[in-house]
Amino acid sequence: MDDDATDNHLRTTGPHAEEHSEDRSEDRAGDHAVVLGAGMAGLLAARVLAMRFSRVTVLERDELPQEGPVFRAGIPQSRHTHVLWARGVELIELMLPGITGKLLAAGATLLDTPRDFLWLSPADWFGPVPGARVLLASRELLDSTVRREVLRNPRVRIRGGATAAGLVAGPDGRTVTGVRLRDGERLAARLVVDATGRTSKAPAWLTEIGHPAPAVTRYDSHLGYTSRYFAIPDDPARSWQGVYVQGRPDLPRGGVLMPLEGNRWLVTLVGNGEHAPPVREEEFLPFARSLRSPALYDAIRDAIPLSAPTAFRNTANEWRHYERLERWPAGFLVLGDANCRFNPVYGHGMTVAALAAEALAKEIRTLDPERIAAASRRIQRRTGAVAAVPWQIATSEDLRYAVTEGPPPDRATRILQRYMSRVMAGANVDRTIAARFFGVLSLTRPPGTLLDPVTMVRVLSKRHLPADPDTTAYPPHHRAPAERGARRTA
């Protein structure tokens, strides 16, 4: 199925999609799918499954708010920086037409990166080069808006406060026929999808019904987050919308500042190993001041804080290799972070959830529920494959840090790291390299884009060395706060 066909197919999945579907009017026994987890992966999977199942039930262990964006314990990282890259925005809009406009009306922003940012890469400051669009909003706003739009489809319902305790299997263990809840209730289903994220119990559930647990590959760079909200101060001379100061192996500290709805900044400080940012309130600004550039510190030093600092430390990359299992029960899928999760600093989690939902839509577009269940092993492999590129990006970058735990880099990875250092340096100033680099980073273009002859010649012909230690405190196209003040008083 080509991209145009996929887009056309997803466009027929709006609230009145039943008018365009095939043989879905009968509510047959067994025509029921259960999705575990009401995060981004679970909600998008439910929307796609509603194309082929007459009933889709989403089980969420948290009690869900009836209205509005509210923090919930099931997404502890929601108080930290989130970005939705361009490909994720496109796919979610196709699945839920009109949602981008509703997010923007609620205070989300669509920005061009790096043009709208002060972005200090490991090599140098990005100039005003072409890049990619990103949607910025609080995770609470994103989740509540997606949940509301998914529930516009009458085939989907969500049960909050419902915790899955295990799978219900057929007599031979080869088929999953439902899910067992903690309170003892059993829900029969033709298909069960685990999208519970980092808390997934799928490996244990598989062994309970006689299947092996998957092998796991794990890389942990011991990255720590500490975040805090600030009121955006008035500054008519401000020429940027966000700030990103990246760390690098010789100084593994960084920080992100991004605008949110409600006239707020969310500031996330990051660091690896012993450089993990502190949680104590009085240490937040000093850590920001210790970054490679004072830009982020200068922005927030006089801003009014709206919250205490909050920490998050569960940032390892982890791939559970369900695709390698020789035996797989019909009627069961694992999606999203429950299958493969990434260091969140690269911002790929929600876009990968959208890519997995797109892959699911392709696989089930001509199948009835019984055939979907029978094809679950193939579907598991196809939906899991979308993690390959972001996994390569995250793990190869994390392996630059000495504190990273995991399989050592092979020769090909080391060569790729050296080449990507030059790509990053070139992207700071070269419009062609920048466009292709951000195309790959936003998961809009394949990684081979950076390895075609034209790009390689441009990258390797650059005279400057990457990771110049003498970067300026501010990019040339931006005046420091002190300079602006001097000009105003002149």
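Is A38 buried or exposed? Hi everyone, let's start there, and please keep in mind that what you have on screen is a predicted model. A38 has a relative accessible area of 0%, and the cut-off for buried is under 20%, so this residue counts as buried. As for its place in the chain, A38 sits in the loop that links strand 1, residues 32-36, to helix 2, residues 40-49. If we set aside residues up to four places away in sequence, the contacts of A38 are L43, V58, L59, E60, L64 and R72. There is also a long-range pair for you to look up: R147 is 109 residues away from A38 along the chain, yet their C-alpha atoms are separated by 7.9 Å.

Now step back into strand 1 itself, where we find V34. V34 is buried as well, again with a relative accessible area of 0%. Which residues does V34 touch, leaving aside neighbours within four places in sequence? They are T57, L59, V179, L187, A189, L191, V192 and V193. You may remember L59 from the A38 contacts, and here L59 turns up beside V34. V34 has a long-range pair too: V156 lies 122 residues along the chain, with a C-alpha separation of 9.8 Å.

Let's move on to a sheet. Three strands make up an open, antiparallel sheet, and their order is 12-18-20. The edges are strand 12, residues 216-219, and strand 20, residues 340-341, each of which pairs on one side only. Helix 12, residues 388-398, packs on this sheet and touches strand 12, strand 18 and strand 20. Relative to strand 18, the direction of helix 12 makes an angle of about 140°.

How many bridges join strand 12 to strand 18? There are 4, and the two strands run antiparallel. Within that pair, Y219 stands opposite N317 of strand 18. On the other side, strand 18, residues 317-320, pairs with strand 20 over 2 bridges, also in the antiparallel sense. There, E318 faces R341 of strand 20.

As a reminder, side chains in a regular strand alternate between the two faces of the sheet. Strand 12 shows this nicely: T217 and Y219 point to one face and are buried, while V216 and R218 point to the other face and are not.

Two helix pairs to finish. In the first, helix 3, residues 86-95, packs against helix 9, residues 349-364, at an angle of about 45°, with the axes 8 Å apart. That angle makes helix 3 oblique to helix 9. The crossing is left-handed. Helix 3 contributes R87, G88, L91, I92 and M95 to the contact, and helix 9 contributes T351, A354, L355, A357 and E358. Sorted by class, that contact has 6 nonpolar, 2 polar and 2 charged residues.

The second pair is helix 14, residues 431-441, with helix 15, residues 453-460. Their axes come within 10 Å and cross at roughly 120°. These two helices are therefore oblique to each other. Helix 14 passes helix 15 in a left-handed crossing. The contact involves T432, I433 and R436 from helix 14, together with V454, T455, R458 and V459 from helix 15. By class, this contact has 3 nonpolar, 2 polar and 2 charged residues.

That's my tour, thanks for listening!

Key
Residues are numbered from 1 along each chain as its sequence is written. This is a predicted model: local features need pLDDT of at least 70, side-chain atom pairs count only at pLDDT 80 or more; totals for chains, interfaces and linings use all residues. Side-chain values use heavy atoms; hydrogens and water are left out. Two strands pair if DSSP finds at least two bridges between them. Contact means heavy atoms within 4.5 Å. Axes are lines fitted to C-alpha atoms, for helices over the stretch in contact, and angles run from 0 to 180 degrees between N-to-C directions. Angles under 35 degrees count as roughly parallel, over 145 as roughly antiparallel, 65 to 115 as roughly perpendicular and the rest as oblique. A crossing is left-handed if the near helix is turned anticlockwise from the far one by less than a right angle, and right-handed if clockwise. Ala, Val, Leu, Ile, Met, Phe, Trp, Tyr, Cys and Pro count as nonpolar, Asp, Glu, Lys and Arg as charged, and the others, Gly among them, as polar. Buried means under 20% relative accessible area, exposed over 50%, partly exposed in between (1.4 Å probe, protein chains only).
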